[in-house]
Amino acid sequence: MQEEHVAVADGENEVRHTDYIYMVSDKMLVISMIAELDHHLADEMREVIDDVIDVRGVEDIIFDFSRINFMDSAGIGLMGRYRKIHEKGRIYVAGAGEGISRILLISGLHKLVVVSSDVNDAAKKILEGKRGN
């Protein structure tokens with residue numbers, strides 16, 4: 001697993017893996033997939049996400065699907081397993097095209113996640129929700 005740490009403008013760290021990039025800002029985890037979300041990628045991401053949630057106290061997760069069109073059942077399971085996030089925050093799906101949107105609907109995940117047009121829209125919804133509490 002190739003990993004590269006990059007400092008970004010807001011002082012947070014962005015971590016680039018071969019098939020995805022993730023960044024934690026405050027208590028928000030943003031994961032941008034570069035490759036299709038299949039069982040190989042889901043297994044790797046599961047370990048990373050679990051660690052980031054435990055270490056950084058993540059409350060909200062944004063899965064950015066703007067660069068991919070496919071996820072298999074392992075990807076569905078990856079997103080569905082973070083129900084513990086619902087105690088403090090939500091799971092957001094950003095930039096989902098027609099294929100991913102159809103998978104969310106057929107799998108029932110659309111009932112567990114907040115669908116957003118892009119990462120900025122999802123982050124805005126998170127911040128608005130925190131201010132409203």
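User: How do the residues lining the largest cavity divide into nonpolar, polar and charged?

Analyst: In this predicted model, the lining divides into 8 nonpolar residues, with no polar and no charged ones. The residues are Tyr-20, Tyr-22, Leu-29, Ile-31, Met-45, Val-48, Ile-49 and Val-52. Tyr, Leu, Ile, Met and Val count as nonpolar, so each of these residues falls in that class.

User: Which elements give two or more residues to that lining?

Analyst: They are β3 (20-25), β4 (28-33) and α1. Helix α1 gives the most, with 4 residues.

User: How many cavities of 30 Å³ or more are there, and what volume does the largest cavity have?

Analyst: The count comes to 1 cavity. The largest cavity has a volume of about 30 Å³.

User: Why is α1 called roughly parallel to α2?

Analyst: Helix α1 (residues 39-56) and helix α2 (residues 73-80) pack at an angle of about 15°, with their axes 8 Å apart. Angles under 35 degrees count as roughly parallel, so α1 is roughly parallel to α2. The crossing of α1 past α2 is left-handed.

User: What makes the contact between α1 and α2?

Analyst: From α1 come His-39, Ala-42, Met-45, Arg-46 and Ile-49, and from α2 come Ala-74, Gly-75 and Leu-78.

User: How do the residues of that contact divide into nonpolar, polar and charged?

Analyst: There are 5 nonpolar, 2 polar and 1 charged. Arg counts as charged, and Gly counts as polar, so Arg-46 and Gly-75 are classed accordingly.

How values were computed. Residues are numbered from 1 along each chain as its sequence is written. This is a predicted model: local features need pLDDT of at least 70, side-chain atom pairs count only at pLDDT 80 or more; totals for chains, interfaces and linings use all residues. Side-chain values use heavy atoms; hydrogens and water are left out. Axes are lines fitted to C-alpha atoms, for helices over the stretch in contact, and angles run from 0 to 180 degrees between N-to-C directions. Angles under 35 degrees count as roughly parallel, over 145 as roughly antiparallel, 65 to 115 as roughly perpendicular and the rest as oblique. A crossing is left-handed if the near helix is turned anticlockwise from the far one by less than a right angle, and right-handed if clockwise. Contact means heavy atoms within 4.5 Å. On a 1 Å grid over the protein atoms alone, a cavity is a set of points where a 1.4 Å probe fits but cannot get out, and a pocket is an open set with protein on both sides within 12 Å along at least five of seven lines; lining residues have an atom within 4 Å of a point. Grid points are joined across faces, edges and corners, and a volume is the space filled by probe spheres set on the points.
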